[in-house]
Number of protein chains: 2
Amino acid sequence: MKISILLFEKMAAQDAVGPYEVFRCVPGWEVELVGKRAGEVRAEGGLGLVADRALEGVTEADAVLVPGGRGSEAMAADAEVLDWLRRIDGQTRWTISVCTGSEILGAAGLLEGRRATSNWLFLDRLPDYGAEPVGGRWVEDGKTLTAAGVTAGIDMALHLVGREAGPEVAQAVQLGIEYDPDPPFDSGSPEKAPAAVVELVRSASRAASAG
Amino acid sequence: MKISILLFEKMAAQDAVGPYEVFRCVPGWEVELVGKRAGEVRAEGGLGLVADRALEGVTEADAVLVPGGRGSEAMAADAEVLDWLRRIDGQTRWTISVCTGSEILGAAGLLEGRRATSNWLFLDRLPDYGAEPVGGRWVEDGKTLTAAGVTAGIDMALHLVGREAGPEVAQAVQLGIEYDPDPPFDSGSPEKAPAAVVELVRSASRAASAG
């Protein structure tokens, strides 16, 4: 399977690198990093990632994955990116987003009539794109696979490997990346985090959007 | 807190990017990506990451983090890198590894007499460096913080944020990256994975080491 992952300015690096690390471990799978232009892209926080190919040269992929992050808003307003996504979606087996990457798929019209998920802070925007918001780490509806915020990309990617390469391969990849999560706190969702922490994150998000 | 993350050829990208994504979300924390030379580094699988500064220019940091991956063996034999690690360790508050990054810390003599962990496949090498191997997602011994394989870096990083910035900040970061893990399989450790899967991963690792 050949997977194209879109990189862009102010993306969340983990959204792309989590699934990348899962996919690259699957024998025979090929992952390509693509961008509006080939070359360096700066993720949120400044980390430099390298897009090896410009979108215009990418005309086929078995799967396309769109990460999220602060930069997703600009991508969702970028006609070149949205046109490319619609074209490539025309022949993918899977069209995938992580976190607010759903906003970009939505802006391209690719979530119309679909059940989908997103970062918990942005779930309520999905209806703007004709999608039905659903909770959970990932949502599969037809060939559309959307993951919740940031780290949910790892869970979603293991699910996809299970679907395409079988459970034994997915389990081997999970063991290879020693994904036996045991966070020191239990506040990874707004239902589990203390109310004060939820409000802290909501305020920070509002401040960042305004800023 | 100023954290330097070492990038090198054939590192596992997730080992660095997981903790990066956690640390960059902490108000006032600064993360710098460093390499033997400034410029592109190719992680396992080919992903390009950018080292913004060469080691020789990096003379102080509050914390240094060393990722693992196939390339760790070469780093553990690289005098320039080991000298730098010993120098920077002389004034860090925390010296950290993820996965087989422990091999690099060990080769620099920084695990001597410490309790430490590593990727499950490499735990039994820790005594070669005078360290006592310990299971778990991370092990803190004095200022040395070692994480288990690949994804354990996320758990370790949240622990460090809790220690340095307090539990509320750590919980806010966890919610920000929506780290409420729910993998579709339960095979992230050799104790949990089916025996056939453990053997598959062991064989693949042996083949890669021989290759």
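The following exercises, each with a worked solution, concern a predicted model with chains A and B in contact.

**Exercise 1.** Determine the strand order of the seven-stranded sheet of chain A and identify which strands stand at its edges.

*Solution.*
Step 1. The open sheet has the order β5-β2-β1-β6-β7-β11-β10 in chain A, and its pairing is mixed.
Step 2. At the edges stand β5 (53-54) and β10 (138-141) of chain A. Each has a single partner strand, so one side of each lacks a neighbour in the sheet.
Step 3. One pairing within this order joins β6 (residues 63-66) and β7 (residues 94-98) of chain A, in the parallel sense and over four bridges. Within that pairing, V66(A) has S97(A) of β7(A) as its bridge partner.

**Exercise 2.** State which strands of chain A are covered by helix α1 and which are touched by helix α5.

*Solution.*
Step 1. Helix α1 (residues 13-23) of chain A lies across β1 (2-6), β2 (30-35), β6 and β7 of chain A. Its direction is at about 165° to β1(A).
Step 2. Helix α5 (residues 152-165) of chain A also packs on the sheet, where it touches β7, β10 and β11 (144-147) of chain A. The angle between the directions of α5(A) and β11(A) is about 150°.

**Exercise 3.** Describe the side of chain A that touches chain B: how many residues are in contact, and which elements contribute?

*Solution.*
Step 1. The contact involves 59 residues of chain A and 59 residues of chain B.
Step 2. On the side of chain A, two or more residues each come from α1, β2, β4 (48-51), α5, α6 (167-176) and α7 (195-210).
Step 3. The most is given by α6(A), with eight residues.
Step 4. Sorted by class, this side of chain A has 32 nonpolar, 15 polar and twelve charged residues.

**Exercise 4.** Reconstruct the four-stranded sheet that draws on both chains, working from its individual strand pairs.

*Solution.*
Step 1. In chain A, β3(A) and β4(A) run antiparallel and are joined by four bridges; V41(A) stands opposite L49(A) of β4(A).
Step 2. In chain B, β3 (residues 39-42) and β4(B) are likewise antiparallel, with four bridges, and E40(B) stands opposite V50(B) of β4(B). Five residues lie between the strands of this hairpin, in which G45(B) takes a positive phi near 90°.
Step 3. Across the chains, β4(A) pairs with β4 (residues 48-51) of chain B in the antiparallel sense over three bridges. Here L49(A) has L49(B) as its bridge partner.
Step 4. Joining these pairs gives an open sheet in the order β3(A)-β4(A)-β4(B)-β3(B), with antiparallel pairing.
Step 5. The β3 strands of chains A and B stand at the edges, each with a single partner strand, so one side of each is without a neighbour in the sheet. From one strand to the next, the twist averages 40°.

**Exercise 5.** Classify the packing of α7(A) against α6(B) and list the residues that make the contact.

*Solution.*
Step 1. The axes of α7(A) and helix α6 (residues 167-176) of chain B are 9 Å apart, and the helices pack at an angle of about 60°.
Step 2. The two helices are therefore oblique to each other. The crossing of α7(A) past α6(B) is right-handed.
Step 3. From α7(A), the contact is made by V197(A), V198(A), L200(A) and V201(A); from α6(B), by E168(B), Q171(B), A172(B), L175(B) and G176(B).
Step 4. By class, these are six nonpolar, two polar and one charged residues.

Notes
Residues numbered from 1 in each chain as written. Chains lettered and ligands numbered in written order. Predicted model: local features only at pLDDT ≥ 70, side-chain atom pairs only at ≥ 80, totals over all residues. Pairing = 2+ DSSP bridges. Contact = placed C-beta atoms within 7 Å. Axes fitted to C-alpha atoms, helices over the stretch in contact; angles between N-to-C directions. Nonpolar A, V, L, I, M, F, W, Y, C, P; charged D, E, K, R; others polar. Parallel < 35°, antiparallel > 145°, perpendicular 65-115°, else oblique. Left-handed = near helix turned anticlockwise from the far one by under 90°.
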